[in-house]
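I am opening my notebook on a new structure today. I will write down each thing I look up, one entry at a time.

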Amino acid sequence: MAIRVLLGFRIPDEELNRLFEVYQQFVENVFSLPVDLPFSGYRRGIRARETLQKGLEKAIQEKLQNTQGKDYADALDILIESGKEHGKELTMQELKDGTLELIFAAYATTASASTSLIMQLLKHPRVLEKLREELRSKGILHNGCICEGSLRLDNINSLYYLDCVIKEVLRLFTPISGGYRTVLQTFELDGFQIPKGWSVMYSIRDTHDTAPVFKDVDVFDPDRFGQGRTEDKDGRFHYLPFGGGVRTCLGKHLAKLFLKALAIELASTSRFELATRTFPKITLVPVVHPVDGLKVKFFGLDSNQNEILTETDAMLGATV
């Protein structure tokens, strides 16, 4: 989705799969110690980045040469036009860097949140059933099937409890820990003066853990965002899974729509269960994710909510 929708690239599946393998090597080593030795994580990350950028340069050149027939502007188009509007034509290196950053932001964070969503639905079957009840009440789920034509944007946006579930997943399991900013004007915070020009980091995770508006911060409780509580509405910048201010995440609406569509699909057409005895440990770098993946068995359901038998057991197992 990031490659084809956000960037408008038309890369053949075989080449896309190869680039994805290289991309995974890049992500796994993006926070390596900067020790440039043979077989080090840093060296593997640099090589993966170089390979990725070669593939991206080819895709960018093809995109720039084929602009006919497009009736919309994707994220890369907007990036290019923004440079022209400010009197600065972006170089190929700047385009490659920007493209790689867009892919990382679109893929790694959404994959992290999707995995966290599935894990929480596994841990909290009552939440999953309440979600199904909302889908039935809105006419989206009927007799175990998604009603044809019901998955419209207005219908999805009307699912209030689903919105609360996604918000709670992002509160407890924000994919990235924080962000960096440059101080534009000297200010004081808790008695400390922060000079203009300094680089500062804000922590999303620590903010969510310590914000006084959240009760029982370690408990997965989507109802905290319900109409009777609205804990995210009390005060500014207590809840910021997508950052805050003018530099808030540009892709937040797309990411939330993706997570909602995934939740609807899972709640409507499948039964799923943990394929291991215990849930995996979670690591926070480079994004929140299970150390060895989250192993899940998925079972398709027919209109009578009976499991659909698959031809091979391999179709039942997946690691997310």
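**Entry 1: a charged pair in one helix**

I looked up Arg 171 and Glu 168, whose side chains form a salt bridge with 2.8 Å from N to O. I keep in mind that this model is predicted. Where do Arg 171 and Glu 168 lie? I find both in helix α8, which covers residues 160-172. They sit 3 residues apart, about one turn of the helix. I also checked their surroundings: Arg 171 is buried, and Glu 168 is buried as well.

I noted the general idea beside this: side chains of opposite charge can pair when their charged atoms come close.

The pair is not on its own. I traced a network of salt bridges that links Glu 168, Arg 171, Asp 221, Arg 224, Arg 229 and Glu 231. How many salt bridges does the structure hold? I wrote down 22.

**Entry 2: two other salt bridges**

I turned to Arg 43 and Asp 36 next. Their side chains meet in a salt bridge at 2.5 Å, N to O. Asp 36 has 46% relative accessibility, so I class Asp 36 as partly exposed.

Then I looked at Lys 63 and Asp 74, which form a salt bridge at 2.6 Å, N to O. Which parts does this pair tie together? Lys 63 is in helix α3 (residues 41-65), and Asp 74 is in the loop between α3 and α4 (75-85), so the pair joins parts that are 11 residues apart in sequence. Is Lys 63 buried or exposed? Its relative accessibility is 10%, so I count Lys 63 as buried. The cut-off for buried is under 20% relative accessible area. Asp 74 is buried too, because its relative accessible area is 2%.

**Entry 3: patches on the surface**

I searched for a negative surface patch. I found one formed by Asp 206, Asp 209, Asp 216 and Asp 218. I picked Asp 218 for a closer look. Asp 218 is in the loop between α9 (204-210) and α10 (252-269). Why does Asp 218 count as exposed? Its relative accessibility is 68%, and exposed means over 50%.

I then searched for a nonpolar patch. Val 30, Phe 31, Ile 282, Leu 284 and Val 285 make one of about 440 Å². Leu 284 belongs to the loop between β8 (282-283) and β9 (289-290). At 41% relative accessibility, I list Leu 284 as partly exposed.

**Entry 4: a cis peptide bond**

I stayed with the loop between β8 and β9, where Pro 286 is also found. I checked the peptide bond from Val 285 to Pro 286. Is this bond cis or trans? I read an omega near -5°, and the bond is cis. My margin note says that most peptide bonds are trans, and that most residues other than glycine have a negative phi.

**Entry 5: positive phi values**

I looked for residues other than glycine with a positive phi. Phe 39 is one of them, with phi near 70°. Phe 39 sits in the loop between α2 (13-28) and α3. I count Phe 39 as exposed because its relative accessible area is 76%.

Asp 190 has a positive phi as well, near 50°. I located Asp 190 in the loop between β4 (187-189) and β5 (192-194). Asp 190 has 72% relative accessibility, so I class this residue as exposed.

**Entry 6: a site from the record**

I checked the UniProt record, an unreviewed entry. What feature does UniProt place at Cys 249? The record gives "binding site" there. I found Cys 249 in the loop between α9 and α10. With a relative accessible area of 34%, Cys 249 is partly exposed.

Gly 244 lies in the loop between α9 and α10 too. Its relative accessibility is 22%, so I mark Gly 244 as partly exposed. How far apart are Gly 244 and Thr 91? From C-alpha to C-alpha I get 29 Å in space, with their positions 153 residues apart in sequence.

**Entry 7: one more distance**

I closed with Met 119, which is in helix α5 (residues 92-123). Met 119 is buried, with a relative accessible area of 4%. The C-alpha atoms of Met 119 and Asp 223 are separated by 18 Å. Along the chain, these two residues are 104 residues apart.

Key
Residues numbered from 1 in each chain as written. Predicted model: local features only at pLDDT ≥ 70, side-chain atom pairs only at ≥ 80, totals over all residues. Heavy atoms only, no water. Patch = residues over 30% accessible without salt bridge, like charges linked within 9 Å, V, L, I, M, F, W, Y side chains within 5 Å. Areas by Shrake-Rupley, 256 points an atom, 1.4 Å probe, with all protein chains shown as cover. Salt bridge = Lys/Arg side-chain N within 4 Å of Asp/Glu carboxyl O. Lys, Arg positive; Asp, Glu negative; His and termini not counted. Charge placed at Lys NZ, Arg CZ, Asp CG, Glu CD. Helix = DSSP H or I, 4+ residues; strand = E, 2+ residues; numbered from the N terminus. Buried < 20%, exposed > 50% of the residue type's maximum accessible area, 1.4 Å probe, protein only. UniProt positions renumbered as here; feature names shortened; annotations may be inferred.
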